[in-house]
Amino acid sequence: MTRDQQSMAKIVVLGGGPAGGATALGLKKLGYQVTVITQPRPFKAVEGISERVLEGLRNAGFQQALANLPAASPRMASWNGETNSANTERLVNRSELDRGIGLDLQAAGVTVIDGRVDRVNPNDDGYAISVKADGDVAVAQLITTDFLVEARGRSAPGAGLERLRGSETVSLLQYWQGAPCQPQSAAESFQDGWAWMAAWSDGTRYLQLTFDVASANLPDKSQLIDHCNRILRTLSSAEPFLDSAEPSGIIHARTSTPILCREAVGGNWIRVGDAAMAVDPLSGNGIFQALSSALQAPAVINTLLQQPENAPLAKQFYQQRVDHLFYRFARIGRDFYASEARWDNPFWVTRRNWPDSEPLHQETDPASLKVETLPVVSNGLITAQEVVTTNDQPLGIWHLNGLAMAPVVRALQQRAADESPQDCLQQTLGLAPSTAEGLTRWLYQNSWLASVR
Ligand code: FAD
């Protein structure tokens with residue numbers, strides 16, 4: 001595809017959350033004409049993010065979305081009978097974040113359509129999408145596209161694709177209202193699950209209890225609020241959230257089952273964010289993982305459209321990363337559940353043992369280093385390059401601070417027994433002494449070189 005044809009290729013993104021937004025901005029930078037179709041989420045939610053995630057959102061190009069983010073606030077964690085109040089997190093009002101994402105998209109020249117995606121029908125030229133303004137059948141419009149990005153989060157239809165699911169999990173979100181206060185949050189485990197609570201400066205409290213769907217024996221709707229409130233009153237860290245506050249409104253149920261889409265990319269479509277893989281909210285990393293896939297998607301799409309001969313490589317690149325990230329977060333969650341040892345009911349036992357018993361990190365040793373040809377991102381496209389894989393980095397490392405690592409490993413593997421690694425790197429690769437010294441230190445620290453006793 002030539003540059004002119006590329007700018008003609010129409011790409012539609014369904015869903016304007018962090019993943020759809022970041023993918024659209026990335027595609028725009030590559031010169032594509034992008035339309036995002038999205039509707040506001042139907043309920044109020046507050047979520048917590050770390051400074052690292054905030055940085056990721058900034059790097060993705062969001063500005064207005066982050067303009068009104070409050071400063072970091074205290075976060076208390078009560079787990080396995082121990083309480084820790086050393087941490088902080090940024091509380092994010094999701095409606096405001098998503099609205100800001102829409103403004104950032106418009107400022108970047110992305111067309112944003114406010115409406116509900118009703119039907120998506122594949123045809124010979126791509127897709128025909130029917131969009132409705134909420135509740136108004138009369139204004140249904142038909143949009144056609146060459147390439148489809150599915151970013152409707154957990155609401156994205158399964159589309160008959162193979163998916164791996166963890167234990168079915170539901171989070172019940174309840175709002176309480178109290179006097180305006182300092183923002184804060186807390187997480188606490190209890191016998192049948194765990195709670196996350198947040199207080200927003202206007203006095204709204206977001207109280208979220210997470211349960212196992214199969215074993216929680218939740219009462220029917222009319223009794224649910226009382227059931228949740230009985231649990232909340234047993235939690236030591238809930239007190240500041242309930243004090244002088246009253247329940248307001250109904251309970252909102254959010255599915256929080258971990259789900260991995262085994263086929264996240266095709267020839268003219270891709271799934272990003274929660275639509276590709278949705279992690280357990282215990283990890284507190286949902287937005288981070290949504291961004292991770294969204295930041296990789298534009299180069300994958302660019303390759304599928306411009307170099308269809310490299311489609312298998314692009315698909316391999318994307319699916320391997322989605323799988324890898326999903327398992328990483330699933331194992332982080334598993335180890336965190338395992339650190340709560342007080343209960344042995346189905347909620348805890350299933351989550352302590354899922355997805356597998358593989359360690360989170362594999363030990364790296366110099367003998368495990370291999371030079372392999374694998375897909376990487378280069379100049380907005382996926383290409384095959386020589387990278388270094390280790391036990392712990394099966395997807396490979398191409399560059400470190402701009403230095404290709406495959407020649408480094410080759411040089412070290414071929415060096416004479418009496419030659420020091422630093423001398424070898426200086427001689428063979430012509431590195432400056434200070435660069436070779438810094439690199440050698442990194443290689444020892446990361447077990448790419450066996451430490452000398
Ligand atoms: P979403 O953010 O869900 O965005 C999808 C967008 O598509 C929405 O705007 C939606 O309204 C729109 N949409 C959906 N259907 C349609 C349609 N038919 N037509 C048009 N538009 C549509 N992550 C954290 O980082 N920190 C947390 O504290 C945290 N807490 C969580 C608690 C719970 C209970 C759950 C379930 C998740 C939590 N997450 C948290 C995860 C986080 O919400 C998601 O991982 C993240 O929002 C995924 O981003 P996304 O862009 O893929 O999807």
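How do the residues of the shell around the ligand divide into nonpolar, polar and charged, and how many are in each class? There are nine nonpolar, 18 polar and eight charged residues, where Ala, Val, Leu, Ile, Met, Phe, Trp, Tyr, Cys and Pro count as nonpolar, Asp, Glu, Lys and Arg as charged, and the others, Gly among them, as polar.

Before we go on, a word on the model: it is predicted, so local features need pLDDT of at least 70 and side-chain atom pairs count only at pLDDT 80 or more, while totals for chains, interfaces and linings use all residues. Residues are numbered from 1 along each chain as its sequence is written, and side-chain values use heavy atoms, with hydrogens and water left out.

Let's start at the ligand. It is surrounded by 35 residues, each with a heavy atom within 4 Å of it, and the closest are Gln-39, Glu-47, Gly-48, Arg-94 and Val-117. Some polar contacts (pairs of N or O atoms within 3.5 Å) can be picked out here. A backbone N or O atom of Gln-39 sits 2.7 Å from a ligand oxygen, and a side-chain N or O atom of Glu-47 is 2.8 Å from an oxygen atom of the ligand. At Gly-286, a backbone N or O atom lies 3.2 Å from a ligand oxygen. The protein buries 93% of the 1,000 Å² that the ligand exposes when taken alone, with areas from the Shrake-Rupley method and a 1.4 Å probe.

Which element gives the largest share of this shell? That is α7, with four residues; helices (H or I, at least four residues) and strands (E, at least two) are DSSP runs numbered from the N terminus. Elements that each supply at least two residues include α2 (18-29), β3 (46-49) and α7 (286-306).

Now step back to the domains, whose bounds come from an automatic or database assignment. The chain is divided into domain 1 (3-71 + 90-162 + 258-350), domain 2 (169-255) and domain 3 (366-445). Domain 1 and domain 2 each give the ligand shell at least three residues. The C-alpha centres of domain 1 and domain 3 are 33 Å apart, and their contact (heavy atoms within 4.5 Å) takes 15 residues from domain 1 and eleven from domain 3.

Finally, look at the backbone. Trp-354 and Pro-355 are joined by a cis peptide bond, with omega about 15 degrees, and Pro-355 is in the loop between α9 (346-352) and β21 (370-378).

Conventions: Polar contact = N/O pair within 3.5 Å; in protein donor to acceptor, adjacent residues only side chain to side chain.
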